[in-house]
Amino acid sequence: MKYASLNNTNKDQNPVSFQEALVKGLADDKGLYFPTAIPQLDPEFTHNLPAYSKAEIAYRVIAPFIGEEIPEDTLRQIVSETLDFDIPLVHLNDTYSSLELFHGPTMAFKDVGARFMARCLGYFNREKKNRTVRVLVATSGDTGGAVANGFLHVPGVEVVILYPEGKVSDIQERQLTTLGANIKALSVKGDFDACQRMVKTAFLDEEMHHLNLTSANSINVARWLPQMFYYFLAVRQLQQEGNDKPALFSVPSGNFGNICAGIMSYRMGLPMKHFVAATNVNDTIPRYLATGNYTPKTTVPTIANAMDVSDPSNFIRIEALFRETPELLRQHFSSYSFNDRETREAMKTLKDDFGYIADPHGAIGYLGAEKKLPEHKGHKAIFLETAHPAKFKDEVETTLGIRIDLPPQLQAVMHREKEYTSIATYDELKDFLGAL
Ligand SMILES: *Cc1c(COP(=O)(O)O)cnc(C)c1O
């Protein structure tokens, strides 16, 4: 598979390999990489998923995006290591189900993308032991921990994580500042968008070229594409249960990478009904769909802080997925925004009506499903639960009046010392990287 920049108006100009798209992160013209073709899966496969193992499904879904660049055996090994935890679809009643993406090592759905990307990079770097690749990543909360964990001890890779000072939870901060080894954390005075701007600037800075920088944000194709696995596994479970009717998927969205992977799955042939991108009050996309104007505002902090993003990088990929049929975008895709009060109400409803404890992000997913469902009566509504409630312990405990225990994965980081460097400007980032 070849990848072309979405800024590139001439589609045939210099598409790059999977390896190059992975290692560069962003194209030279600042555009996001996008596959030059959308692979089509055999309906015999997509309608009979229970006949295949999880690892077989993941392999068949991702292989066309990689082609010959990673040998089949290695790729099979990479996907089975990536998915060595459960991704259960938990039914709340006959209509609503929660797709729990938080059973990985850092209890964030980003574990899947980070683990996959780290292993691919490790493979491509296998014979270049003396050439360090530096992974530079901005996090609004959960990416950092997942990337730190996924890349820990990968040979030839240094990871530098930028996070907004005071805007991530204590557990999140500990997950990304306590691993040591090849993982470095930078606490940035500013919001997530400021972190993301610094990362983007660094990639385009000629003076940084010799550092072999790459990204591990969802702008990286190797983090973005494996997120398709969740959707295939959810549909597999529905089919296993004898439910062949395509479901509505509501995805709590920040940078829109996860939902974009869902839509890619649909475009490849996975039977799905409709996509809702549910956001917090950072509502650039809901407003864009309503008015046709793309006008990001200053990012507002919310209780679903992993989605405090006002200029979502991946939306352009969603538009690209509907490039030939723009009229289908609105038919298959909606986006709604919910404030903190509504989010807390939803957390209470989920607990009182279904006995289900959701974190704020999952609760926003539920709200999106609830909003759209009347138009798709008789279909199942699946919302993605993107973080374990214990990740947002204080908020969940206060809102629901309960106590929740920290699962062992999270307990393990609580007594470790945080280590980070504070920076405020791009020049300080440059100095830090130069000194590594
Ligand atoms: C990253 C994240 C999101 C948003 O995912 P995107 O792919 O950026 O839209 C939602 N919830 C949680 C808990 C996250 O960590």
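**Close-up views of a predicted model**

**View 1. Helix α5, end to end.** At 1.5 Å a residue, the 15 residues of helix α5 (residues 110-124) ought to span 21 Å, and the C-alpha atoms at the two ends are indeed 21 Å apart, so expectation and model agree. Keep in mind that this is a predicted model, so every distance in these views is computed from it. How many of the 15 residues of α5 are buried? The count is 13, so the rest of the structure largely encloses the helix.

**View 2. Phe151 and the largest nonpolar core.** Here we look into the largest nonpolar core, which has 100 residues. Phe18, Phe151, Met228, Phe249, Ile318 and Phe333 are the ones with the most contacts inside it. Apart from that core lies another one, of 33 residues, with Met107, Tyr356, Ala363 and Phe383 among them. In soluble globular proteins, nonpolar side chains tend to be buried together. Back to Phe151: leaving out residues up to four places away in sequence, Phe151 touches Ala114, Met117, Ala118 and Leu121, along with Val135, Val157, Val159, Asn182, Ile183 and Ala216.

**View 3. Val157 in strand β6.** Val157 sits in strand β6 (residues 157-164). Is Val157 buried or exposed? With a relative accessible area of 4%, Val157 is buried, the cut-off for that being under 20%. Beyond its neighbours within four places in sequence, Val157 is in contact with Leu121, Asn125, Val133, Val135, Phe151 and Asn182. For a sense of scale, pick out Lys377 as well: Val157 and Lys377 are 220 residues apart in sequence, and their C-alpha atoms are 49 Å apart in space.

**View 4. His153, with an unusual backbone angle to look at.** His153 is found in the loop between α6 (142-151) and β6. What is the phi of His153? It is positive, about 65 degrees, although His153 is not a glycine. The residue is exposed, with a relative accessible area of 59%.

**View 5. Around the ligand.** Among the 15 residues around the ligand, the ones that come nearest are Lys110, Gly254, Asn255, Phe256 and Thr386. Which atoms should you look for at Gly254? A polar backbone atom of Gly254 is 2.8 Å from an oxygen atom of the ligand. Asn255 also offers a polar backbone atom, 2.8 Å from an oxygen atom of the ligand. At Phe256, a backbone N or O atom lies 2.8 Å from an oxygen atom of the ligand. On its own the ligand has 380 Å² of accessible area, and the protein covers 97% of that.

**View 6. Phe256, a ligand neighbour.** Phe256 is in the loop between β9 (248-252) and α11. Its phi is near 65 degrees, a positive value in a residue other than glycine. Phe256 counts as buried, at 3% relative accessibility.

**View 7. Thr386 and Leu101, two loop residues in contact.** Thr386 belongs to the loop between β12 (381-385) and α17 (393-400), whereas Leu101 lies in the loop between β4 (96-100) and α5. Thr386 is buried, with a relative accessible area of 6%, and Leu101 counts as buried at 3% relative accessibility. Leaving aside residues up to four places away in sequence, Thr386 touches Leu101, Met107, Ala108, Phe109, Asp142, Pro252, Asn258 and His361. On the same basis, the contacts of Leu101 include Ile87, Tyr230, Leu384, Glu385 and Thr386. Leu101 and Asp111 are 10 residues apart in sequence and 8.9 Å apart in space, C-alpha to C-alpha.

**View 8. Helix α3 and its cover.** Which residues of helix α3 (residues 54-62) are buried? They are Glu56, Ile57, Ala58, Tyr59, Val61 and Ile62. The elements covering these buried residues include α2 (43-46), α4 (72-82), α5, α10 (228-240) and α11 (257-268).

**View 9. Glu20 in helix α1.** Glu20 has its place in helix α1 (residues 18-24). With a relative accessible area of 34%, Glu20 is partly exposed. Take Cys260 as a second marker: Glu20 and Cys260 are 240 residues apart along the chain, and 21 Å separates their C-alpha atoms.

Notes
Residues are numbered from 1 along each chain as its sequence is written. This is a predicted model: local features need pLDDT of at least 70, side-chain atom pairs count only at pLDDT 80 or more; totals for chains, interfaces and linings use all residues. Side-chain values use heavy atoms; hydrogens and water are left out. Helices (H or I, at least four residues) and strands (E, at least two) are DSSP runs, numbered from the N terminus. The expected span of a helix is 1.5 Å times one less than its number of residues. Buried means under 20% relative accessible area, exposed over 50%, partly exposed in between (1.4 Å probe, protein chains only). A nonpolar core is a set of buried Ala, Val, Leu, Ile, Met, Phe, Trp, Tyr and Cys residues joined through side-chain atoms within 4.5 Å. Contact means heavy atoms within 4.5 Å. A residue is near a molecule or strand if one of its heavy atoms lies within 4 Å of it. A polar contact is a pair of N or O atoms within 3.5 Å; within protein, one must be able to donate a hydrogen and the other to accept it, and residues adjacent in sequence count only if both atoms are side-chain atoms. Accessible areas come from the Shrake-Rupley method with a 1.4 Å probe; for residues, only the protein chains shown count as cover.
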